[in-house]
Amino acid sequence: MEQAEKPEHAYVKCSCCGELIKNSPEENNDFGQNSYDEGFGMCRECGGDPNSDDILTRLGWAGRTFFDARIDIVRERLKPETRAKFDVMSYERQVAFVSRLLERGVMI
Ligand SMILES: [Zn+2]
């Protein structure tokens with residue numbers, strides 16, 4: 001018996017903001033990942049553009065929300081001297097700092 005091919009979804013909805021996007025590697029951040037349901041999409045605005053040089057564009061709305069929440073938590077728990085150093089870091093370095101804590105399993 002021949003395996004029926006899955007129908008291609010030409011357009012998918014961004015599960016984050018509901019925007020209708022082309023199901024292509026350029027517009028759908030989740031393209032080819034099949035991490036969720038069929039037809040799942042994540043627009044660049046929400047999911048970020050991995051090819052961008054700008055950290056904010058690279059993270060996208062979902063990424064920024066994710067890191068902003070964790071940056072606040074980390075900041076609160078730092079000793080005053082360390083917090084002062086953390087505060088003068090660029091956003092990109094703060095994100096890298098939080099990423100290291102996540103990798104080490106210090107926080108989730
Ligand atoms: Zn979106």
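**A tour from F67 to the strands**

Select F67 first: apart residues up to four places away in sequence, F67 touches L59, V95 and V98. The model on display is a predicted one. F67 counts as buried because 21 other C-beta atoms lie within 10 Å, the threshold being 20 or more. Next, add Y91 to the selection; this residue is 24 residues from F67 along the chain, and the two C-alpha atoms are separated by 9.7 Å.

Now extend the selection to helix α2, residues 55-77, in which F67 lies. The buried residues of this helix are L59, G60 and F67. Display α1 (44-47) and α4 (91-103) as well, since the buried residues of α2 pack against them.

Then follow the course of α2 and centre the view on W61, where the helix has a kink of about 90 degrees. A distance between the end C-alpha atoms of α2 gives 24 Å for its 23 residues, short of the 33 Å that a straight helix would reach at 1.5 Å a residue.

Move next to the strands. Select β1 (residues 11-14) and β2 (residues 20-22), which pair in the antiparallel sense over three bridges. The two form a hairpin with five residues between them, and G18 in the turn has a positive phi of about 85 degrees. Add strand β3 (residues 40-41), which runs parallel to β1 and is joined to it by two bridges.

Finish at K13. Which residue is the bridge partner of K13 in β2? It is L20. In β3, K13 stands opposite F40.

Methods. Residues are numbered from 1 along each chain as its sequence is written. This is a predicted model: local features need pLDDT of at least 70, side-chain atom pairs count only at pLDDT 80 or more; totals for chains, interfaces and linings use all residues. Helices (H or I, at least four residues) and strands (E, at least two) are DSSP runs, numbered from the N terminus. A residue is buried if 20 or more other C-beta atoms lie within 10 Å of its own, exposed if 12 or fewer, and partly exposed in between; C-beta atoms are placed from the backbone. Two residues are in contact if their C-beta atoms, placed from the backbone, lie within 7 Å. Two strands pair if DSSP finds at least two bridges between them. The expected span of a helix is 1.5 Å times one less than its number of residues. The bend at a residue is the angle between axes fitted to the seven residues ending there and the seven starting there.
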